[in-house]
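Here are some exercises to work through with the coordinates open in your favourite viewer. Try each task on your own before reading the solution beneath it.

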Amino acid sequence: MGIDTAPRTSRGPVLRAERALAPDLARGAMLLIIALANVAGVVFAGEPGLDATPEGVDRGLNFLLFELVHARGYPVFAVMFGYGLVQLARRQDASGATPKQVRAVLLRRNLWLVVFGFAHAALLYYGDFLGAYGIVGIAMTLLLLRRGDRFHSVVLVLWALSAVEMLVIGAMVVRGILGGSGGAAPLPSGHVDSLAAPGYVASMLDRIGEWPVHTLTVLPFIMIAWLGMWAARRRVLEELPRHRTLLTWTAVLGLGGAVAGGLPAALVSAGWLHVDESAASLMLLLHGVSGMFAGPGYVAVFGLIAMRASRSGPVVGALSALGQRSLSGYLFQSVAWLVLLAPFTLALGDRFGSPTVTGLIIAVAVWLTTVLIARQLDKRRQPGPAEVVLRGLTYRPRT
């Protein structure tokens, strides 16, 4: 890595007693949304994963996927990524590390995330976000971390402009629906070669080519992560009662905007609304823009839940245990998709009737498996295997 990032005065990873419940709860629960979104893409070898000619129950499932899942899970993790970066820096500061030493720890962690991302994409799944997190984390460490409150308020202006953009696109969509000439165009969905490859080596070569492009397309989520950084500076998820009003309005407006913005695409995906190709493309654009508002919306919901919940409860405890091991849970999912759904392995998606139903059942089962494993690890006070590796690389002692 070429960076001297092993300061003697920096501290190690977060201790169990230091963890706030809300971030862990959000990560653990939202891994289900990630699983549902990714499995649909794997089953249909496309992005977004979509059955273009749904029948029966598949219509309703398409509708729910576009309203609550597609482009609505990763913004949560982007918010939490920015939040966690500030938390990590704050703990290092409290240990007595200098700003230079703190920056070194953060840069090392994010450089290793890029390495993890490339390995994840090459070996398992093209739709990797770890590499993008690493790149964004490096940029945030160098450009944003030590800025003042006035500078960080810029992100609120950017989000306000995004809300205006969503309203403008929404108005164009409504005008197109009311004045359109009809049609029967499906929502645009890009084919993903690696998900349809006939063999593992072919799929790996495809993924190596797809990963850089995919990573570049998702880098703009730095604005979402920046909002997480803004929230962390105010300890929104650590001091929940003090921010109850903010959390309530964020939940209502964030999820409300995401649901409203996703509605036209959801109706088309279900076959309940018929439009021409240009209108369908505009609806998918609105769906993507509105999806970013689901990030803070979902996070706020879990913040409100955490105010009334206890980590010792069986459900909350299990979900927060997975949240503490979210990197391992995320990678476990990719292994499962490769083993269970790839055309050259078990290919279960095409064997039991509706691929949509089969895929979603598999997604829920895989997520529940990670919840149970995380709970057992938590009882033994053991971190996830991926966390062990990343922390070892990040906090390795000077030699």
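Helices are DSSP runs of H or I with at least four residues, numbered from the N terminus. Keep in mind that this is a predicted model.

**Exercise 1. Place V275 in the fold, and decide whether it is buried or exposed.**

Step 1: Look up the neighbouring elements. V275 sits in the loop that links α11 (244-269) to α12 (277-291).

Step 2: Apply the cut-off. Buried means under 20% relative accessible area. V275 has 5%, so V275 is buried.

Step 3: List the contacts, leaving out residues up to four places away in sequence. V275 touches G182, G183, A184, A185, V268, A280 and M283.

Step 4: Check a distance across the chain. V275 and G176 are 99 residues apart in sequence, while their C-alpha atoms are 8.6 Å apart in space.

**Exercise 2. Describe the overall form of the protein, starting from its radius of gyration.**

Step 1: Compare with the globule rule. For 399 residues, a compact globule would have a radius of gyration near 21 Å; the protein has 21 Å, so the two agree.

Step 2: Add the extents. The C-alpha trace spans about 65 × 45 × 40 Å along the principal axes.

Step 3: Count the elements. The secondary structure comes to 17 helices and 2 strands.

Step 4: Turn to burial and contacts. Buried residues make up 53% of the 399 residues. Of the contacts between residues at least 6 apart in sequence, 84% join residues at least 24 apart.

**Exercise 3. Characterise the surface and the charges of the protein.**

Step 1: Take the area. About 17500 Å² is exposed, and carbon and sulfur atoms supply 67% of that area.

Step 2: Count the charges. There are 34 positive and 22 negative side chains.

Step 3: Locate the two sets. Their centres lie 16 Å apart.

**Exercise 4. Find which residues have the most contacts inside the largest nonpolar core.**

Step 1: Recall the general tendency. In soluble globular proteins, nonpolar side chains tend to be buried together.

Step 2: Identify the core. The largest nonpolar core has 117 residues, and F221, L237 and W337 have the most contacts inside it. Helix α1 (residues 21-44) gives the most to this core, with 16 residues.

Step 3: Zoom in on one of these residues. Setting aside residues up to four places away in sequence, F221 touches Y74, A78, F129, A132, Y133 and V136.

**Exercise 5. Examine the backbone at A45, R381 and the bond between E47 and P48.**

Step 1: Start from the general expectation. Most residues other than glycine have a negative phi, and most peptide bonds are trans.

Step 2: Take A45. Its phi is near 50°, a positive value in a residue other than glycine. A45 lies in the loop between α1 and β1, and its relative accessible area of 9% makes A45 buried.

Step 3: Take R381. Its phi is also positive, near 55°. R381 belongs to the loop between α16 (355-379) and α17 (385-394). With 62% relative accessibility, R381 counts as exposed.

Step 4: Inspect the peptide bond. E47 and P48 are joined by a cis peptide bond, with omega about -5°. P48 is in the loop between β1 (46-47) and α2 (57-69).

**Exercise 6. Work out how many ångströms separate the C-alpha atoms of P314 and R375, of R381 and A321, and of A97 and G170.**

Step 1: Begin with P314, which is in helix α14 (residues 314-324). P314 counts as exposed, at 65% relative accessibility. The C-alpha atoms of P314 and R375 are 9.1 Å apart, with their positions 61 residues apart along the chain.

Step 2: Return to R381. A321 is 60 residues away along the chain, and the C-alpha separation is 9.8 Å.

Step 3: Finish with A97, found in the loop between α3 (74-94) and α4 (99-123). A97 is buried, at 9% relative accessible area. A97 and G170 are 73 residues apart in sequence, and their C-alpha atoms are 48 Å apart.

Methods:
Residues are numbered from 1 along each chain as its sequence is written. This is a predicted model: local features need pLDDT of at least 70, side-chain atom pairs count only at pLDDT 80 or more; totals for chains, interfaces and linings use all residues. Side-chain values use heavy atoms; hydrogens and water are left out. The radius of gyration is taken over C-alpha atoms; the globule rule is 2.2 Å times the number of residues to the power 0.38. Buried means under 20% relative accessible area, exposed over 50%, partly exposed in between (1.4 Å probe, protein chains only). Contact means heavy atoms within 4.5 Å. Accessible areas come from the Shrake-Rupley method with a 1.4 Å probe; for residues, only the protein chains shown count as cover. Lys and Arg count as positive and Asp and Glu as negative; His and the chain ends are not counted. The place of a charge is taken as NZ of Lys, CZ of Arg, CG of Asp or CD of Glu. A nonpolar core is a set of buried Ala, Val, Leu, Ile, Met, Phe, Trp, Tyr and Cys residues joined through side-chain atoms within 4.5 Å.
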